[in-house]
Amino acid sequence: MKSILLTTTALVAFAGAAVADGHTGISFTGEATLGYNSRDFGGTDLDPATGAPFEDEDGEPISNDNNSGFYWDASLDVSMAAELDNGLTAGASFEIDVAEDDTGLDLSADSYVLSLEYEEAAALFYGDTAFAAETHWNSAGDMEADGFSEADGEVALRGDFELYGVSASLSAVIADEAGAIVGDSYEDDDFDQISVGAAAEFGNFSVSFGYQDESLTVDGVTGDYDPSGNGDFNVNEVVGLSVGTSFAGADVTAAAASNLTTEETSLGFEVSYPFGPVTATAYYVVEDGGADVGNSNDDNYGITLDYVSGPIAVTADYDYDQGTDKYALEGSYDVGNGITALAGIVNEDEDDDIDYYVAGTYDMGGGAELLVSYAEDVSNDQEDEVGDPEYQEGVTIEVSFSF
């Protein structure tokens with residue numbers, strides 16, 4: 001990902017110019033965090049008994065992003081917009097990392113997106129923006145074959161449009177997350193992995209569609225361009241169709257997806273139904289592992305119960321994911337006066353070890369919050385967080401500010 005170095009003087013001058021132009025708008029929002037974590041480790045988790053790295057279910061070392069000791073960071077989000085002629089609006093946005101465990105001598109900017117929109121009918125985006133298929137796709141449960149690439153730092157070009165009630169998008173990758181351009185590696189190609197997505201409402205039915213072609217790198221990288229640094233980038237050709245509707249108070253979704261490269265297919269069904277303070281969501285996915293030896297034919301299924309009543313919120317979740325039982329029980333209680341207590345247990349592998357956390361938050365007003373938590377990744381399968389709130393291992397004391 002490319003960075004931009006900016007000085008404070010440049011930012012002030014830039015904001016002043018924006019105010020002087022009545023057709024131009026610029027806004028700033030920011031976040032700052034200061035915290036302390038008790039765990040004295042970072043990087044890759046090591047088994048204290050053997051000294052070797054813990055490994056995930058694929059045999060890969062588990063990386064842990066836990067902070068150690070004091071940590072702090074601050075960021076500034078900048079959004080700009082200008083009204084052009086003929087109903088067009090130009091925009092640009094990016095995030096400035098002001099400080100990350102340093103005193104912020106240099107400001108580096110990322111997540112840059114340039115946009116051009118025509119009312120609500122069409123738009124063009126360039127930069128760190130979502131791909132077309134992931135923008136519109138709606139799955140039915142945990143489907144193995146609907147692995148559409150998810151953008152995370154790549155440079156993409158995406159066009160959106162609305163026509164006769166259909167929302168559609170077309171995108172292509174221009175450069176990887178390190179800024180290496182496709183054309184530098186593949187001279188005959190300026191784009192990688194064309195992606196298409198669409199969604200529409202037809203009466204009581206909603207339909208979504210997604211397609212992406214194979215990445216140029218599916219047979220190996222021949223140059224600087226290499227999107228493998230983004231673990232959510234799937235080099236395979238994938239297609240999917242999803243249909244949803246509501247009746248008798250229940251939301252029902254059916255979806256079919258196919259990984260055309262590995263010949264893996266998924267057929268999923270999901271139902272969500274509220275009764276009283278509880279909403280139950282269940283899914284079942286028929287899986288065909290296809291030709292890839294690494295794929296499994298085990299079906300996926302699961303159920304989630306969400307309970308919300310007054311100050312109490314509880315979620316109970318069970319999933320059978322490709323031969324592995326996973327479950328979680330997490331809840332929160334709004335004590336009042338800005339204080340919330342949270343606790344949960346999580347198991348995401350077949351071991352008997354259960355990960356757990358307890359935490360409390362205090363809303364100090366004005367966008368400030370104090371967090372105190374303790375989390376234990378007993379089975380070392382959570383990589384860098386425990387539970388849905390994604391708490392760090394060990395004791396964490398953190399105060400965060402939003403501006």
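## Exercises on a predicted structure

S258 belongs to strand β14, which spans residues 250-259; strands are DSSP runs of E with at least two residues, helices are runs of H or I with at least four, and both are numbered from the N terminus. The model is predicted: local features need pLDDT of at least 70 and side-chain atom pairs count only at pLDDT 80 or more, whereas totals for chains, interfaces and linings use all residues. Residues are numbered from 1 along each chain as its sequence is written, and side-chain values use heavy atoms, with hydrogens and water left out.

### Surroundings of S258

**Task.** Determine whether S258 is buried or exposed, and state which residues S258 touches.

**Solution.** The classes are set by relative accessible area: buried means under 20%, exposed over 50%, and partly exposed in between (1.4 Å probe, protein chains only). S258 has a relative accessible area of 15%, so it is buried. Next, contacts are listed, a contact being heavy atoms within 4.5 Å. Not counting residues up to four places away in sequence, S258 touches A145, E237, V238, V239, E264 and T265. Finally, the C-alpha atoms of S258 and G240 are 6.3 Å apart, although 18 residues separate the two in sequence.

### The chain as a whole

**Task.** State how many helices and strands the protein chain has, and what share of its residues is buried.

**Solution.** The protein chain holds three helices and 23 strands. Of its 403 residues, 35% are buried. Its accessible surface, calculated by the Shrake-Rupley method with a 1.4 Å probe and, for residues, with only the protein chains shown as cover, comes to about 21,300 Å². Carbon and sulfur atoms account for 55% of that surface. As for contacts between residues at least 6 apart in sequence, 50% join residues at least 24 apart.

### Positive phi values

**Task.** Establish where N86 and Q193 are found, and whether each is buried or exposed.

**Solution.** Most residues other than glycine have a negative phi, and most peptide bonds are trans. N86 has a positive phi, near 60 degrees, and Q193 has a positive phi near 45 degrees. N86 is located in the loop between β5 and β6. Its relative accessible area is 69%, so N86 is exposed. Q193, by contrast, lies in strand β11 (residues 192-202). Because its relative accessibility is 4%, Q193 counts as buried. Beyond neighbours within four places in sequence, the contacts of Q193 include S149, S171, A172, Q212, F233 and N236. One of these partners, A172, is 21 residues away along the chain, yet its C-alpha atom is 5.8 Å from that of Q193.

### Charged pairs

**Task.** Find how many salt bridges there are, and which residues form them.

**Solution.** Side chains of opposite charge can pair when their charged atoms come close. A salt bridge here is a side-chain nitrogen of Lys or Arg within 4 Å of a carboxyl oxygen of Asp or Glu. This rule gives two salt bridges. R158 pairs with D160, with the closest N and O atoms 2.9 Å apart, and both residues are buried. K326 pairs with D321, again with an N to O distance of 2.9 Å. D321 has a relative accessible area of 17%, so D321 is buried.

### A negative patch

**Task.** Identify which residues form the negative surface patch, and locate D73.

**Solution.** Asp and Glu count as negative, Lys and Arg as positive, and His and the chain ends are not counted. Patch members have over 30% relative accessible area and no salt bridge, and like charges are joined within 9 Å; each charge is placed at CG of Asp, CD of Glu, NZ of Lys or CZ of Arg. The patch consists of E31, D73, E100, D101, D102 and D106. D73 lies in strand β5, residues 69-83. With 33% relative accessibility, D73 counts as partly exposed.

### Two strand residues

**Task.** Describe where E95 and S373 lie, and which residues each contacts.

**Solution.** E95 is in strand β6 (residues 88-100) and, at 26% relative accessible area, is partly exposed. Leaving aside neighbours within four places in sequence, E95 contacts S75, L76, D77, S108, A109, D110 and S111. The C-alpha atoms of E95 and D77 are 4.5 Å apart, with these positions 18 residues apart along the chain. S373 is in strand β22 (residues 368-376) and is buried, with a relative accessible area of 4%. Outside four places in sequence, S373 touches V358, A359, Y391, G394, V395 and T396.

Conventions:
Patches are made of residues with over 30% relative accessible area and no salt bridge: like charges are joined within 9 Å, nonpolar side chains (Val, Leu, Ile, Met, Phe, Trp, Tyr) within 5 Å.
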